[in-house]
Amino acid sequence: MLEKEDIIAYSLGLPGVYEDHPFGGSIVALRHKANKKSFVFLIYAHGRLHVNLKCEPLRAELLRQTYAGVIPGYHMNKAHWNSVFLDEDIPDSEIFGMIKISYELTKPKRKAK
């Protein structure tokens with residue numbers, strides 16, 4: 001089972017990422033340096049740690065149907081964000097994959113020449 005530190009370390013290993021605490025110390029946001037967009041929110045709610053991750057709507061729904069530990073995003077747009085409980089049935093490799101997708105969906109757009 002992944003811990004908060006594992007999620008932070010993996011995310012900070014992606015290019016151009018920094019850690020932020022926009023709502024005080026209880027919520028950790030991992031953001032792109034170039035556009036300041038968040039792609040990971042680590043939140044304790046109802047006594048459990050979960051991570052909010054951006055996702056394409058069809059994939060988000062598929063993940064919710066596949067894993068009991070994936071639900072619509074807590075305090076987020078339910079179509080585009082999932083909450084992933086780290087103490088549930090989701091393989092670590094799948095969680096890392098979801099983080100990478102969230103990173104890709106929120107990274108700065110390349111300007112066309």
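How many bridges join strand 4 to strand 6, and in which sense do the two strands run? In this predicted model, 5 bridges link strand 4 and strand 6, and the two strands run antiparallel. One residue of this region, His-50, stands opposite Phe-85 in strand 6.

This pairing belongs to an open sheet of 6 strands, arranged in the order 1-2-3-4-6-5 with antiparallel pairing. The edges of the sheet are formed by strand 1 (17–20) and strand 5 (70–72); each has a single partner strand, so one side of each is left without a neighbour in the sheet. On average, and with direction ignored, neighbouring strands of this sheet are turned by 25 degrees against each other.

Two further pairings can be described. Strand 2 (residues 28–32) and strand 3 (residues 38–45) run antiparallel and are joined by 4 bridges. Within this pair, Arg-31 has Ser-38 of strand 3 as its bridge partner. Strand 5 is paired with strand 6 over 3 bridges, again in the antiparallel sense, and Pro-72 stands opposite Asn-82 in strand 6.

Strand 6 (81–85) is mostly covered, with 5 of its 5 residues buried. Trp-81, Ser-83 and Phe-85 point one way from the strand, while Asn-82 and Val-84 point the other way. Residues on both sides of strand 6 are thus described as buried.

Val-84, a residue of strand 6, has a relative accessible area of 0% and is therefore classed as buried, the limit being under 20%. Apart from its neighbours within four places in sequence, Val-84 is in contact with Leu-49, His-50, Val-51, Leu-53, Gly-69, Val-70, Ile-90, Ile-95 and Met-98. Val-84 and Ser-102 lie 18 residues apart in sequence, and their C-alpha atoms are 12 Å apart in space.

The helices were examined next. Helix 1 (residues 4–12) contains Ser-11. The helix lies across strand 1, strand 2, strand 3 and strand 4 (48–54), and runs at about 170 degrees to strand 3. Ser-11 is buried, with a relative accessible area of 0%. A polar atom of the Ser-11 side chain lies 2.9 Å from the backbone oxygen of Ile-7. When residues up to four places away in sequence are not counted, Ser-11 touches Val-17, Leu-30, Phe-39, Val-40 and Ile-99.

In helix 2 (residues 57–66), the buried residues include Ala-60, Leu-63 and Arg-64. These three cover an arc of only 100 degrees around the axis, which puts them on the same side of helix 2. The face turned away from this buried side carries Leu-58 and Gln-65, which are exposed. The buried residues of helix 2 pack against strand 5, strand 6 and helix 3 (92–106).

Helix 3 has 15 residues. From its first C-alpha to its last, helix 3 reaches 21 Å, close to the 21 Å expected at 1.5 Å a residue. Ile-95, Met-98, Ile-99, Ser-102, Tyr-103 and Thr-106 are its buried residues. Seen down the helix axis, they fall within an arc of 140 degrees, so they line one face of helix 3. Among these buried residues, Ile-95 and Met-98 are in contact with Val-84, and Ile-99 is touched by Ser-11 of helix 1.

Two loop residues were noted for their backbone angles. Most residues other than glycine have a negative phi. Lys-36, although not a glycine, has a positive phi of about 65 degrees. Lys-36 lies in the loop between strand 2 and strand 3. With a relative accessible area of 48%, Lys-36 is partly exposed. His-75 likewise has a positive phi, near 60 degrees, and is a residue other than glycine. The loop between strand 5 and strand 6 holds His-75. The relative accessible area of His-75 is 66%; this value is over 50%, and His-75 is therefore classed as exposed.

Note on methods
Residues are numbered from 1 along each chain as its sequence is written. This is a predicted model: local features need pLDDT of at least 70, side-chain atom pairs count only at pLDDT 80 or more; totals for chains, interfaces and linings use all residues. Side-chain values use heavy atoms; hydrogens and water are left out. Buried means under 20% relative accessible area, exposed over 50%, partly exposed in between (1.4 Å probe, protein chains only). A polar contact is a pair of N or O atoms within 3.5 Å; within protein, one must be able to donate a hydrogen and the other to accept it, and residues adjacent in sequence count only if both atoms are side-chain atoms. Contact means heavy atoms within 4.5 Å. Two strands pair if DSSP finds at least two bridges between them. Axes are lines fitted to C-alpha atoms, for helices over the stretch in contact, and angles run from 0 to 180 degrees between N-to-C directions. The arc is that of the directions from the helix axis to the C-beta atoms. The expected span of a helix is 1.5 Å times one less than its number of residues.
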